[in-house]
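Visitor: I'd love a close look at just one part of this protein. Could you walk me through a pocket and what surrounds it?

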Amino acid sequence: MPPTTAVSSGVGVAHLPNQRHKIVSRCGANFTLMVCGESGVGKTTYVNTLFTTTIKQEKNLKRRHAKQIEKTVEIEITKAEIEEKNFKVKLTIIDTPGFGDYVNNHNSWMPIYEFLDDQHESYMAQEQQPTRKGAIDMRVHACLYFIRPTGHSLKPLDVEVMKHLGTRVNLIPVIAKADTLTPANLAQFKRNILDSISAHNIQVYSCPIDSEDEDITKANKSIMASMPFAIIGSTQDVTTAAGKVVKGRQYSWGVAEVENETHCDFKKLRNLLIRSHMNDLITTTEETHYENYRQNQMSTRKFGEPKVKKYENPKFKEDEDRLRLNFTKQVKDEENRFRQWEAQLVGERDRLNKDLEEQHSQIKALEGELEQIYQLNGRGNMRR
């Protein structure tokens with residue numbers, strides 16, 4: 001390796017970070033966040049609280065107890081663009097409505113896995129094209145898995161899903177509605193979740209700890225010490241006992257503040273996602289999860305060979321069966337209509353043939369009568 005030469009007068013190499021800063025500031029960034037968890041744990045409220053604006057519309061609570069026919073997990077994509085100090089971030093929120101909402105949740109996680117793998121597959125296919133400009137990147141950079149605040153530990157469904165998500169995406173476990181637990185119960189719940197994560201070898205995201213700045217290192221340690229993050233979501237302004245207006249929830253005993261670190265870990269999770277480690281989440285997705293998927297696929301598939309679908313969404317299967325039944329019914333209806341039309345045509349043909357035969361018989365009879373008249377007239381002329 002050649003020795004590093006220090007130029008005293010300077011040639012402008014030190015301006016490269018400024019150039020990169022200008023390029024990034026002009027182009028902005030793309031960030032895709034997935035929220036996964038059962039219905040009613042506050043995923044939509046948290047997203048709107050996190051970005052201080054209405055990214056996702058609240059669900060219609062009147063329809064919560066309506067009869068649900070299709071028992072399947074859907075993938076709901078919401079896109080928005082956020083601008084702060086002339087820097088734009090194209091934000092994509094991935095929601096999974098229907099997950100964990102049924103008595104039998106077998107394979108309810110498969111649409112989530114397939115979606116994550118499909119995004120890697122789509123980006124890999126675009127990289128193999130001659131022209132890669134304008135490639136669409138929907139790879140998920142972080143997945144917030146919302147855990148219902150039961151106070152016990154992870155459910156078997158949580159363990160099964162988190163084991164597979166951890167190998168595909170930056171998984172961040174989150175305890176929803178932390179204001180429903182006492183501080184002692186919340187601390188014990190966190191320890192139980194960490195023990196379960198360790199016992200089942202679940203991979204969760206771990207941000208870089210060490211830094212040249214001691215304050216940053218201390219902040220990183222504080223963030224990781226709070227995992228899994230206990231959060232409170234609220235877009236409502238409430239007034240504390242001291243007369244301060246904050247985001248939070250009003251109770252008879254007081255106010256649960258969203259951005260109060262003694263009440264919940266909302267600020268630490270926001271710092272992890274946006275303020276301090278967004279770039280690391282994007283880089284980890286690119287260099288770890290995408291590369292693992294790419295290497296695995298290239299070792300088992302030929303170049304240009306399509307991906308084998310291992311799972312079919314039950315909703316698509318039901319739609320296909322319903323369309324097939326409708327098509328079969330329409331074909332039978334058309335066949336019956338055609339047979340009726342054919343029978344009508346045959347009946348009309350027979351009637352016309354019968355009328356033609358009758359008219360032909362009448363003509364023959366008239367010809368016979370006419371021949372007799374001619375014969376009688378001929379005999380009369382001969383007698384004269």
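Guide: Here is a stroll around the second largest pocket, with a short detour to some strands afterwards. Keep in mind that this is a predicted model. Rolling a probe the size of a water molecule over the atoms shows where empty space is left.

The second largest pocket holds about 700 Å³ of space. It is lined by 22 residues, and the ones closest to its centre are Cys27, Gly28, Ala29, Asn30 and Asp137. So which elements supply at least two residues each to that lining? They are two helices, H1 (16-27) and H8 (278-300), along with three strands, S1 (29-36), S2 (76-84) and S3 (87-95). Helix H1 gives the largest share, with 4 residues. Sort the lining by class and you get 10 nonpolar residues, plus 6 polar and 6 charged ones.

Now for the detour, to strands S7, S8 and S9. Strand S7 covers residues 237-239 and strand S8 covers residues 245-251; the two pair in the antiparallel sense over 3 bridges. If you want a spot to look for, find Val238, which sits opposite Val246 in S8. S7 and S8 make a hairpin with 5 residues between them, and in that turn Gly243 has a positive phi of about 85°.

S8 has another antiparallel partner to show you: strand S9, residues 254-257, joined to S8 over 4 bridges. Here Tyr251 has Gly254 in S9 as its bridge partner. S8 and S9 form a hairpin too, with 2 residues between them.

Technical notes: Residues numbered from 1 in each chain as written. Predicted model: local features only at pLDDT ≥ 70, side-chain atom pairs only at ≥ 80, totals over all residues. Heavy atoms only, no water. 1 Å grid on protein atoms, 1.4 Å probe; cavity = no way out; pocket = protein on both sides within 12 Å on 5 of 7 lines; lining within 4 Å. Points joined across faces, edges and corners; volume = space filled by probe spheres on them. Nonpolar A, V, L, I, M, F, W, Y, C, P; charged D, E, K, R; others polar. Pairing = 2+ DSSP bridges.
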